[in-house]
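Student: I'd like a close look at one part of this model, please. Could you walk me through it at an easy pace?

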Amino acid sequence: METTIECAMELREQCMLSERRKQIAQNSLLLKSLPEKYVDMLLSMSSWRTYEKGETLFFQGETASAIHIVIDGWVKLYRITPNGGEAIVHVFTKGESFGEAVAIQKKEYPVSAEAVTACEVVRIPSSALLNVIREEPEVAVTILASTFNHLHFLVSQLEQLKAQTGPQRVAEFLLDLCCAEHGTHMVTLPYDKVLIAGRLGMKPESLSRSFARLRPVGVQIKKNSAIIEDIERLRSFAETDHVEAWSSMK
């Protein structure tokens, strides 16, 4: 009797987990505009994988054969520079997809992907997506939107590097992690500070200085957490002219 109850409870938990995964995948930029029948079709042909921190999803130069959607955790995309260093291109989290353009064209990945935390990823074969596009050409518009979104982010990164000070970039990063619009809030830094520095286009020592320079605007860093005294004040600092931002920290 107990075994039967345990089996029923385990089955129920598996069903709930499967439904949660499906909902996250459905709400991704890649799938949320598709008719449900195509979403179900794609997910039924997909594989679900968990990765440990530091595990590689794919390497730069490999032929792309799938689109990835992060269900849980964080994944970084990076390139190896000519001098052997690592340049962070982007870091993806729950509900975000990557690899659409190269997978559809079956080209080589221009970057490598690595789990920066334990994570779960759904892998959609590019052949399955191509079949859906042939049946429903409107799906191609969704792919274009997803690709444009990634391009828009890269343009925003370049704009931040040119127009914002280091502390302002860190402020924007912290604000993106907030789940509130105003008041006091504490956020957990999602991955290590070396990766945060790379993601923001700065060296680790510059990140430490930037954290210190945010204290006057009400930010306290404690281990892997950031306490923001006033979200609106921090947002105002992040959006102000960079010359004024430097002046406010003197």
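Which residue of strand 7 does Val 75 stand opposite?

Tutor: Happy to, and please keep in mind that this is a predicted model. Opposite Val 75, in strand 7, you will find Ala 115. Val 75 also has a partner in strand 5, where it stands opposite Phe 92. So let's look at each pairing in turn, beginning with strand 7. Strand 4 covers residues 75-80, and strand 7 covers residues 112-115. These two run antiparallel and are joined by 4 bridges. Strand 5, residues 86-92, pairs with strand 4 in the antiparallel sense as well, here over 6 bridges. Strand 4 and strand 5 form a hairpin with 5 residues between the strands. If you check the backbone there, look at Gly 84, which takes a positive phi near 90°. As you follow the strands, it helps to recall that in a regular strand the side chains alternate between the two faces of the sheet.

For a contrast with the strands, turn to the helices. The axes of helix 2 (residues 36-44) and helix 4 (residues 126-135) come within 10 Å and cross at roughly 155°. Because of that angle, helix 2 is roughly antiparallel to helix 4. Their crossing is right-handed. On the helix 2 side, the contact is made by Tyr 38, Met 41 and Leu 42, while helix 4 contributes Ala 128, Leu 129, Val 132 and Glu 135. Sorted by type, the residues of this contact are 6 nonpolar, no polar and 1 charged.

Conventions:
Residues numbered from 1 in each chain as written. Predicted model: local features only at pLDDT ≥ 70, side-chain atom pairs only at ≥ 80, totals over all residues. Heavy atoms only, no water. Axes fitted to C-alpha atoms, helices over the stretch in contact; angles between N-to-C directions. Parallel < 35°, antiparallel > 145°, perpendicular 65-115°, else oblique. Left-handed = near helix turned anticlockwise from the far one by under 90°. Contact = heavy atoms within 4.5 Å. Nonpolar A, V, L, I, M, F, W, Y, C, P; charged D, E, K, R; others polar. Pairing = 2+ DSSP bridges.
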